[in-house]
Amino acid sequence: MTSDWSRLRQLFEQSIELEPGERAEFLDSACAGDGELRAAVEQLIDADLAAGEFLDDPIVGRPPALSASGDAEHPATLGPYRVVRKLGQGGMGEVYLAVRDDPFQRRVVVKVVRKDLESPDLLRRLHAERQILAGLDHPHIAHLYDGGTTDDQRPYFVMEYVEGVPIVRYCDENRLSVEERIGLFRKVCGAVQYAHQNLVVHRDLKPSNILVTAEGEPKLLDFGIAKVLHPVAAPAQVDVTATWQRMLTPQYASPEQVRGNLVTTASDIYSLGVLLFELLTGRYPFSFARRSPQEIERILTEEEPPRPSAVVLTDSESSGSPGTTTLATELARARGTPPRELGRRLAGDLDSIVLKALRSAPHRRYPSAESMAADLERFQEGLPVTARRGTATYRLSRFLSRHRVAASMTALVASLLIFVAVTSFRQSQRLAEERDRALLEQSRKDTVMALLLDVLSVADPYSEEGAKLTVREALEASRQPMQRRLKDEPALRAELLHTTGVVLRNLGLWNDAKTDLEEAVRLRRSLHGEGHLDVTASESALARVMAELGEDGASELALNAYEAVAADPQATTSQRLDAINSLVSTYCIVGDHQSAAPFSEQAVDLAQRASDRNLDALAVALYNRASVFLKSGDHARAAEAYRQTLALEEQLRGNDHLSLATTWNNLGSSLRRLGDDQGAEPAFRRALEILSLHLGDDHHRLAGVMNNLAGVVARRGEHGEAVELLRNARSIFASQVGGHHPNVLFLDLKIAQSRIADGEAAEVEAELRTMKSIWAERLGETHRNVLRIGRVRAEALMNLGHDHAAEPLLAGYIEAMREAGRTAELDDATELMIVLFERLHPGGDFEVAHPRRVAAAESS
Amino acid sequence: MTADVTDLLQSWGRGDAAALEKVIPLVYERLCTLASGFLSQERKNHTLQTAALVNEAYLRMQQLEHVSWNDRAHFFALSARFMRRILIDHGRRVRSDKRGGDAPMVGIEMAEGVAFGRPEELLALDQALRDLAEHDRELAQIVELRYFGGLSREEIATVLGIGSATVTRRWRLARAWLFQQLKVDGPT
């Protein structure tokens, strides 16, 4: 850093000694290809040029404020005006009080543009604008009388002289009530509206430009002057100091102004919003103190201003800090209202009005100053204000843009938004009246958006619990408001429940998903009757969740739903695809690949023939077909099908999409079963990578992959890593689905096997016997995982040397696997049986003793 | 007070380092007293008066006689630091209990004539100066001496023990750097 800096300093000092024309060549050779250094030097040289008089006047010694008042030198006359005294020194030049040399002796303010600002461009703009500005004739706008050039060719403006105080100070000093402040503010709006109608934008509205006279009438100064001085295409060096100083107090500037974007009437509306905020609360919407310009820009773009009522209430409640209490009390007193009362007065409508004017997107603000004033009038008359319409939608969109919401949250929100759009549309189609439709759509949309906000304000993805938990919490929190808000909207509630159910399912929160989907099914059945497409959609979704939870009846439910859809002539291709894909998924999850097989082919076929090339559905269908191959033991075709799926998914969703994790995992499984451990291990690791990227390290979906990886790793002889993976997997899985899920048993058995290998066979054998009785009760004697307990016990017994005790256990297991057609397990157990046989009958012939077992093993 | 400070400064000029230690609190205290007295007279429109008050205090200090030019320069250097501190402290206070904060009375851009009229601006400059000091202490010092102390180029050169041409070059660099840090593109 230091050496970079001294180099930079050296180059800067050398460069400024050179003529501008010589600098480029000097820097070329001095920087010798270091583009970064060169850019830094050049930026500093530009800044040196642009800095103008920046910091030239010491803050002490010669303060301009002191020398500028009273007896400072000034010209005796300016055109036909006799200068009385200098009023001040502005960024654009000097300001004088003058009197017109005629019988009326009218007092005016003359602003003379600084010498260095003058340019042919400026003069041209001045002439062009002067006509327009002089045409502004409004009781609340200080009149622009005249303009001209001084003897030394400096342009000047002549304006109405206004004796008054800045509006904020006026309100505070006179302790104007909220009502009175609004009244005054509405007059300001009237003036701004008038100017806007005459195509003049103020661009620099701030309290110092809005004076209130002794009669209590506001007067707006300097309309349109900013545009003359700072046109869109102004050269950079024009009045940089003033610009810089102005922009160092960007309290009233709109986000687009700070960014240097196009300034329109909407920018004035924003400034009016800041002014109203300040008039009501005594504060600015944002604090820019000690912020860099970049930070200010970011704040204006990303942050949402606080509600005025909240600002007032916070001030009054934080009595712990004497400073703020005083401020709050003072604020309220200045408005002739006790603090709490003031907060209540502002809450709701006034909050909405102020915040609408302060929206960061120009088109979302009030379309005109008049409409803002009209809303304030409605507020004063106790009528509903327009600002509150669509507030929820607006706040929601702000919320989303502000938080880079975690992937799962985005999924949730996106689904819900799509749902809202679809629902509003669907419902509205049934309404004949155009007007009613619009109204209903609006109110319904607002209802749902408000609901979403309730949900989202709980579901802050940055809370410590992490995204997964907060989604669940959020949805739990939403149940109450959902019941309340959607009491009379059963169809909407069903739609919402269906959507959240699907989202929860995708997040792996199966129990919660089941609750929502069951309720959706129940509601929809009572609304539409059995077999309706909405009903079957929820049923299909529910079936998959039931399958995940290992519950009975999942396949039947999925099949019934599919058959209803297949028989319905009104069902669309994508509805048909959803139903059939769900059916195949359900079969796959419960392990019934034989039933799944024909449907999976049908699904791929349907997706490929779909007129709209429904690639997402095709990806699901391809994936399902691959899974059917895998479950049928056709690992070669499965691996190929998974690769095909991966190719399509990567093309559709990119390489890191969450959905690819499962595909990678299953590809790994297929390869492993083909004996290709070398191919399988990276596939599993890739799956883990993607999962933890999206879901964190303790999501249930990692459990299965960890188990698979543990298998490969163990075969490579890395026992330590394998046990660790398995234990992680078990704890994740059990906390997810509860300790009674069959897969928990499966993992317990894997851990048991590792422990047997680690010399804990005796303890494990004892535990397995207890395990057997417990799990047989839960899952039944014939569940494949319960049967597997016998196989692992046999392994333990063999390890302990109790080969005779092991033999019947292993034989029973092999028989059961053969009957169930589970070739992989059969294969594996038969190998173990051969070992056992050879130990029990040294020199004996296994084939003679167990012909059926050998035949079965060979045919697999 | 004047006499004390003068004596101490002269001792310091003769090489008594401890004298400086003693002079700092004296000067600072005095400036703060002046500041609070000034502020209590008039509660409104703080900012303008802050500049005036510091200026006044400073002028009084400048009237010190019997101090060699060399010592004076060093004294001013010290004062510059105090000015900065007082102004910043004051800026923070004003910011924290600000209500509306509308400096100019005339209504027409007067605020812009007052260098760093707003506490925010002053605080931003202070922060930028700290950042600059991280790169280059000397540059930040030059700005402090010139802007907060009102020292001339020659005085700065004396305080820092460098040539006055060097002061000019470095001042330009410091100013350019600060300008770059604080500048915002103007409204279009």
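These are my notebook entries on chain B and on one sheet of chain A in a predicted model.

**Chain B**

I looked up the secondary structure first, and for chain B I found nine helices and zero strands. Reading from the N terminus on, I wrote the order of its elements as α-α-α-α-α-α-α-α-α.

I then turned to burial, and noted that chain B has 188 residues, of which 49% are buried. For the contacts in chain B, I took those between residues at least 6 apart in sequence, and recorded that 65% of them join residues at least 24 apart.

**The sheet in chain A**

In chain A I followed an open sheet of three strands, which I noted in the order 7-8-9 with antiparallel pairing. I marked strand 7 (164-166) and strand 9 (218-220) of chain A as the edge strands, since each of them pairs on one side only. For the twist of this sheet I entered an average of 35 degrees from one strand to the next.

I looked at one pairing in detail: strand 8 of chain A, residues 210-213, pairs with strand 9 of chain A in the antiparallel sense, and I recorded three bridges between them. Which residue of strand 9 of chain A is the bridge partner of Val212(A)? I found that Val212(A) has Pro218(A) as its partner there.

**The helix across the sheet**

My last entry concerns helix 7 of chain A, residues 178-197, which lies across strand 8 and strand 9 of chain A. For the direction of helix 7 of chain A relative to strand 9 of chain A, I wrote down an angle of about 30 degrees.

Note on methods. Residues numbered from 1 in each chain as written. Chains lettered and ligands numbered in written order. Predicted model: local features only at pLDDT ≥ 70, side-chain atom pairs only at ≥ 80, totals over all residues. Helix = DSSP H or I, 4+ residues; strand = E, 2+ residues; numbered from the N terminus. Buried ≥ 20, exposed ≤ 12 C-beta atoms within 10 Å, placed from the backbone. Contact = placed C-beta atoms within 7 Å. Pairing = 2+ DSSP bridges. Axes fitted to C-alpha atoms, helices over the stretch in contact; angles between N-to-C directions.
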